[in-house]
Amino acid sequence: MTTYLITGASLLGSRSADLLLADGHLGDPADAPPDAVRIDASGLVALPGLVDLHTHLREPGREDAETIESGSRAAARGGFTAVHAMANTEPVADTAGVVEQVWHLGQTAGYCDVRPVGAVTAGLAGQRLAELGAMADSAARVRVFSDDGVCVSDAVLMRRALEYVKAFDGVVAQHAQEPRLTEDAQMNEGTMSGVLGMQGWPAVAEEAIIARDCLLAGHVGSRLHICHVSTAGSVELIRWAKSKGWNVTAEVTPHHLLLTDELVASYDPIYKVNPPLRTADDVEALRAGLADGTLDCVATDHAPHPTEDKECEWAAAAMGMLGLETALSVFQTTMVDTGRLTWGEVADRMSVRPARIGRISDQGQALETGSPANVVLVDPAATRAVEPADSASLSRNTPFRGMELPGAVVATFLHGRATVLDGKLQ
Amino acid sequence: MKSHLLSTADLTKSDALRVLDTAAELRSLADRPIKKLPTLRGRTVVNLFFEDSTRTRISFEAAAKRLSADVINFSAKGSSVSKGESLKDTALTLEAMGADAVVIRHGSSGAPHRLASSGWVRSSVINAGDGTHEHPTQALLDAFTMRRHLGDLDGRRVAIVGDVLHSRVARSNALLLSTLGAEVTLVAPPTLLPVGVSSWPVATSYDLDSALEKTDVVMMLRVQRERMNAAFFPSAREYSRRYGLDDRRFARLPDHAIVMHPGPMNRGMEIAANVADSHRSVIVEQVTNGVAVRMAVLYLLLSGADTTEHAAGEPTA
């Protein structure tokens, strides 16, 4: 295994130091062997490898949109060393067999740790619990359970799931969307939906479920995670639940930190996503929530779709956006360059906290001797125009196309091995 | 004029007046024995209808034929669309056949925008009704009809009554009539007004009776009975009592006021049969005017586009 000596990196954007990556761990740079490959990292920021709590890799079932290999290559290019693969595949990841397959395919690809998310209910049907214990005990060691794409709307089923996962320290990640309030919904309900003549998707549909589930989590003393928070009201509710001392965590996507429902006026389905893009006021509340820690982390909700599912009229189009390769840049432009968070807090929101929520012990660790060698080097001074054709994903549905975004991932190391060097996949 | 007609929001006051004035000239054709003009000879207009709408399609067809254009009717029923062909492939097919204008009716809001902005077709796109978004030529023919009866619309009061939430006619009219200086009031139960309507250039009311006495125009919208099952209102009878234009309410209208309806009507639901058939009702005339207005739109979009005189003299943005 190659040994790397990274010199002059700015650790978490503050002090300059060298890093030795040997045998999968960080060692003392003073012990660097003479044949170590030296990487000059002056001007670069070193962070622990990023961890995504919310990724759609589409395999098994929709290998035309993404595979575990192509998605994890995109993840590595985005600086990620671990991703959580959502359960809404075909077949659904609701048995030990499917989650083990996903886990093995991730290992074989070798670009990042692929942690399968198990479905909460069999077939995502919302009728009965999937075999959560079997998935937890499997080789994939599932700790995050979600019906993402569908809300666990039955209050009793949600309560039971929250209680049941306590046995193996699991967490239920809720896709908060009250189904009756969002039948045929196309976009955020507000001024724009009225003008555009689109069926509205009210904020209350998200907030009502979050309020209910926070109360349930508090009642039964379980871990609850809220997926892709998108409204100002949701941030307030989560802030309140945390103030109660309840074990509630939450994520926000890059696109909800940057884009608003004004973009829907183009009727271009590249902007169609679930939950929908909201208003500028919501964007501001999400940024404030991420800054003060109410929102624990940024998760991409990377959702690849083939061209034909976006190259059509709005109502017929699929919901979702790519995110892995642009997440760090969007974080930088919205939170770091605006002075709201430091690079140290980037590490906290994109690595430390998501690893802790997902209970991944060898990710999100401090950059110190003995830690697993999961490291990303970022050039914060770089800028680039997002070009969909450059993506490592099989799909092209990025809403950031053509935008000038700051920051570039120069290198990514997974357990001491380079997955990206000089910005190129290895 | 722009090269497409997608929304009445895109029309300036002078754009709109130009359409209406052109339509007035073309309207006089309807009273002549030979109704045809050679203006669009050799041009092809495709009626691309993904939703059934015999009335609108026939109106566009008559308009195009009176201008001597070739007309191709493409209806989704029984076509490749029902076999799963995408909007894109349908558009590419029409483009390959040399369509100069595509008149599109689609159930999905924004489908005409997609067609016009995607680069799939070079032809002019005319929105003939998209989902619950807009129906610009309906609003133009409504404005045309109002002008014939009331003259200049500046300061005129128009009440639009009924299912505003789902009505493309209401959206297009609210925008166009405001541009033309009219004072529009949308009257509906709160469940049938869109969230965000307060940002529209209109007034709103939940009370039909209070809006009637001062109005110059009352435009009744079609209410689909299936809305009842979705709890927008308790029953057809209650809706009719609170928001229907019945004989009693009709009697309270000012003498000069006109009654409009985009059709098809639910007689006895949103409008009483006597009212629909009264001398103040201009509902049948709306249909006649529809042909003239659609002729004007086709004429301005198609003959303007390749006339250097026009191209030089008119902003085309």
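Here is a short chat about the spaces and the packing in this predicted model.

Me: How do you know that B:Ala63 is buried or exposed?
Reply: Look at the relative accessibility. Buried means under 20%, and B:Ala63 sits at 0%, so B:Ala63 counts as buried. You'll find this residue in helix α2 of chain B.

Me: What makes a residue count as a contact of B:Ala63, and which ones do?
Reply: The test is heavy atoms within 4.5 Å. Leaving aside neighbours within four places in sequence, B:Val291, B:Arg294, B:Met295 and B:Leu298 pass it for B:Ala63. Take B:Arg294: this residue is 231 residues from B:Ala63 in sequence, yet the two C-alpha atoms are 5.8 Å apart in space.

Me: What share of contacts in chain B join residues at least 24 apart in sequence?
Reply: Counting contacts between residues at least 6 apart, 76% join residues at least 24 apart.

Me: Why does the radius of gyration of chain B agree with a compact globule?
Reply: Set the two values side by side. A compact globule of 317 residues would have a radius of gyration near 20 Å, and chain B has 19 Å, so the value agrees. The C-alpha atoms of the chain fill a box of roughly 55 × 45 × 40 Å along the principal axes.

Me: What else can you tell me about chain B?
Reply: Chain B has 12 helices and 9 strands. Of its 317 residues, 56% are buried, which by the cut-off means under 20% relative accessible area. The accessible surface comes to about 13,000 Å², and 50% of that belongs to carbon and sulfur atoms.

Me: How do you find empty space in a model, anyway?
Reply: You roll a probe the size of a water molecule over the atoms, and that shows where empty space is left.

Me: What makes a space a cavity, and how many are there?
Reply: In a cavity the probe fits but cannot get out. With a lower limit of 30 Å³, the count comes to 3 cavities. The largest has a volume of about 60 Å³, and the second largest holds about 40 Å³.

Me: What kinds of residues line those two cavities?
Reply: Around the largest cavity there are 8 nonpolar, 1 polar and 2 charged residues. Its lining includes A:Leu57, A:Met86 and A:Val102, along with A:Arg58 and A:Glu59. Arg and Glu count as charged, so A:Arg58 and A:Glu59 belong in that class. The second largest cavity has 4 nonpolar, 7 polar and 1 charged residues in its lining; A:Asp362 is one of the lining residues.

Me: And why is a space called a pocket instead of a cavity?
Reply: A pocket is an open set of points, whereas in a cavity the probe cannot get out. The largest pocket holds about 1,000 Å³. Of the 35 residues lining it, A:Glu183, A:Gln199, B:Leu165, B:His166 and B:Phe232 lie nearest its centre. By class, the lining splits into 13 nonpolar, 15 polar and 7 charged.

Me: Which helix supplies the largest share of the second largest pocket's lining?
Reply: That's α11 of chain B, with 5 residues. Helices α2, α5, α6 and α11 of chain B each give at least two. This pocket has about 780 Å³ of space and 32 lining residues, with B:Arg105, B:Arg168, B:Val169, B:Gly263 and B:Pro264 nearest its centre. The lining has 7 nonpolar, 16 polar and 9 charged residues.

Notes. Residues numbered from 1 in each chain as written. Chains lettered and ligands numbered in written order. Predicted model: local features only at pLDDT ≥ 70, side-chain atom pairs only at ≥ 80, totals over all residues. Heavy atoms only, no water. 1 Å grid on protein atoms, 1.4 Å probe; cavity = no way out; pocket = protein on both sides within 12 Å on 5 of 7 lines; lining within 4 Å. Points joined across faces, edges and corners; volume = space filled by probe spheres on them. Helix = DSSP H or I, 4+ residues; strand = E, 2+ residues; numbered from the N terminus. Rg over C-alpha atoms; globule rule 2.2 N^0.38 Å. Buried < 20%, exposed > 50% of the residue type's maximum accessible area, 1.4 Å probe, protein only. Areas by Shrake-Rupley, 256 points an atom, 1.4 Å probe, with all protein chains shown as cover.
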